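Thanks, everyone. I would like to take a few minutes on one model, going from its domains to its cores, then to a pair of helices and a few backbone details.

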Amino acid sequence: MLIRADNLAKHYPVTTGFFGNKVAATVRAVDGVSFTIERGETLALVGESGCGKSTTGRLLTRLVEPTAGTVRFDNIEMSELGREELRATRRRMQLVFQDAGSSFNPRMTVGALIAEPMHLAGAPAAACKARVQELLPLVGLSAEHAERYPHEFSGGQRQRIGIARALALRPDFVVCDEPVSALDVSVQAQVINLLTRLQREFGLTYLFISHDLRVVRHVADRVAVMYLGRIVEIADKATLYKSPQHPYTKALLSAVPAHRPGAVRTRTEVVGEVASARNVPSGCRYHPRCPYAMEICKTQDPELYDLGGSHRSACHLVNATH
Ligand code: ADP
Ligand code: MG
């Protein structure tokens with residue numbers, strides 16, 4: 001096991017008042033999630049925008065400090081690390097973002113951009129240059145591209161540059177945060193194939209974040225479905241797509257885009273707006289949108305019930321009928 005998250009939470013205070021000194025509310029961006037990721041595995045994390053996927057990725061890589069809970073990376077408890085050790089450990093974890101291109105300094109050459117993490121880690125210039133020449137062909141670009149500037153490249157090529165940069169320090173773990181969401185469908189498959197090939201070649205471990213279950217179908221080994229800061233269902237890929245149990249997973253998978261505003265109907269009423277992480281519903285947080293909600297769902301927060309194998313689902317109905 002490479003990663004183990006236990007009861008991980010990130011709450012952001014929402015402040016008001018002239019000095020911003022009154023806490024008016026709390027955004028429960030991530031609200032108690034536990035999962036593991038095996039070495040060489042891809043865990044997909046899927047859910048609607050705002051459910052806490054990126055925050056989870058940032059918590060794992062310690063770009064944000066958790067409000068509660070722990071992350072173990074390669075059996076190291078991250079919060080116990082001193083500054084130097086933390087820095088060294090964080091080099092083993094990298095991120096690939098949705099639109100890597102937009103964060104690139106336009107005045108830096110592609111070579112300098114890819115080498116930047118090595119440079120910051122204190123690698124000598126010659127070693128940086130050699131590594132760039134090695135990385136460019138690995139991501140399907142050519143060695144001459146090192147002298148060019150990011151604006152000369154297409155979206156898909158810029159994503160390849162971002163991947164090369166993420167791999168520069170030979171990480172063990174990569175958080176791919178919506179890595180193809182900004183790309184044309186035809187280019188998405190190419191970038192996904194590249195990520196899969198690199199994973200095999202270097203034994204990489206991925207957390208692959210997407211708002212779209214279809215995108216992760218080809219890359220995931222296991223899938224975790226997130227709703228308002230919680231994992232509501234987690235299973236190996238075959239099980240999740242073939243026999244989803246949580247009503248939210250089913251809605252995400254259904255051919256009809258059930259989560260278009262106004263498109264969801266319960267037995268009695270049209271479901272209102274998407275709940276917000278600022279105002280998490282009581283009981284099961286999905287109950288106001290769930291067509292199967294029972295009395296118990298309004299008051300009792302379901303735990304992730306074990307359905308056998310590695311399949312778990314946080315639903316009272318599933319637990320009662322299983
Ligand atoms: P996702 O990646 O699934 O779209 P995020 O993790 O980005 O979701 O955000 C989860 C929730 O936390 C959202 O409601 C978002 O507005 C809120 N949030 C994220 N970062 C911050 C922050 N730095 N301060 C306050 N709220 C935040
Ligand atoms: Mg996000």
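When I name a helix or a strand, I mean a DSSP run, at least four residues for a helix and at least two for a strand, numbered from the N terminus. Please keep in mind throughout that this is a predicted model.

Let me begin with the domains. The domain assignment divides the chain into domain 1, made of 3–92 + 171–321, and domain 2, which covers 104–170. The C-alpha centres of domain 1 and domain 2 are 30 Å apart, and where the domains meet, 16 residues of domain 1 are in contact with 12 residues of domain 2.

Now to the interior. The largest nonpolar core contains 58 residues, and those with the most contacts inside it are Ile114, Ile163, Leu198, Phe208, Val216 and Val223. Because domain 1 and domain 2 both contribute residues to this core, it lies between them. Another core, of 28 residues, lies apart from it, and includes Ala5, Ile37, Phe73 and Phe173.

What does Ile114 touch, if we leave out residues up to four places away in sequence? The list consists of Val132, Leu135, Leu136, Ile161, Ala164, Arg165 and Ala168.

Some of this is helix packing. Helix H4, residues 110–120, and helix H6, residues 155–167, have axes that come within 7 Å and cross at roughly 35°, and the crossing of H4 past H6 is right-handed. On the H4 side the residues are Val110, Leu113, Ile114, Glu116 and Pro117, and they meet Ile161, Ala164 and Arg165 in H6. Sorted by class, this contact has six nonpolar and two charged residues, with no polar ones.

Turning to helix H1, residues 53–60, six of its eight residues are buried, so H1 is largely enclosed by the rest of the structure. The buried ones are Lys53, Thr55, Thr56, Gly57, Leu59 and Leu60. After H1 comes Arg62, whose phi is positive, near 60°.

That brings me to two further backbone positions. Arg170, although not a glycine, has a positive phi of about 50°, and is found in the loop between H6 and strand S7, 173–177. Glu178, again not a glycine, also has a positive phi of about 50°, and sits in the loop between S7 and helix H7, 185–202.

Are these two side by side in burial, or opposite? Arg170 counts as exposed, at 54% relative accessibility, whereas Glu178 is buried, with a relative accessible area of 11%.

Terms used: Residues are numbered from 1 along each chain as its sequence is written. Chains are lettered from A and ligands numbered from 1 in the order in which they are written. This is a predicted model: local features need pLDDT of at least 70, side-chain atom pairs count only at pLDDT 80 or more; totals for chains, interfaces and linings use all residues. Side-chain values use heavy atoms; hydrogens and water are left out. A nonpolar core is a set of buried Ala, Val, Leu, Ile, Met, Phe, Trp, Tyr and Cys residues joined through side-chain atoms within 4.5 Å. Buried means under 20% relative accessible area, exposed over 50%, partly exposed in between (1.4 Å probe, protein chains only). Domain bounds come from an automatic or database domain assignment. Contact means heavy atoms within 4.5 Å. Axes are lines fitted to C-alpha atoms, for helices over the stretch in contact, and angles run from 0 to 180 degrees between N-to-C directions. A crossing is left-handed if the near helix is turned anticlockwise from the far one by less than a right angle, and right-handed if clockwise. Ala, Val, Leu, Ile, Met, Phe, Trp, Tyr, Cys and Pro count as nonpolar, Asp, Glu, Lys and Arg as charged, and the others, Gly among them, as polar.
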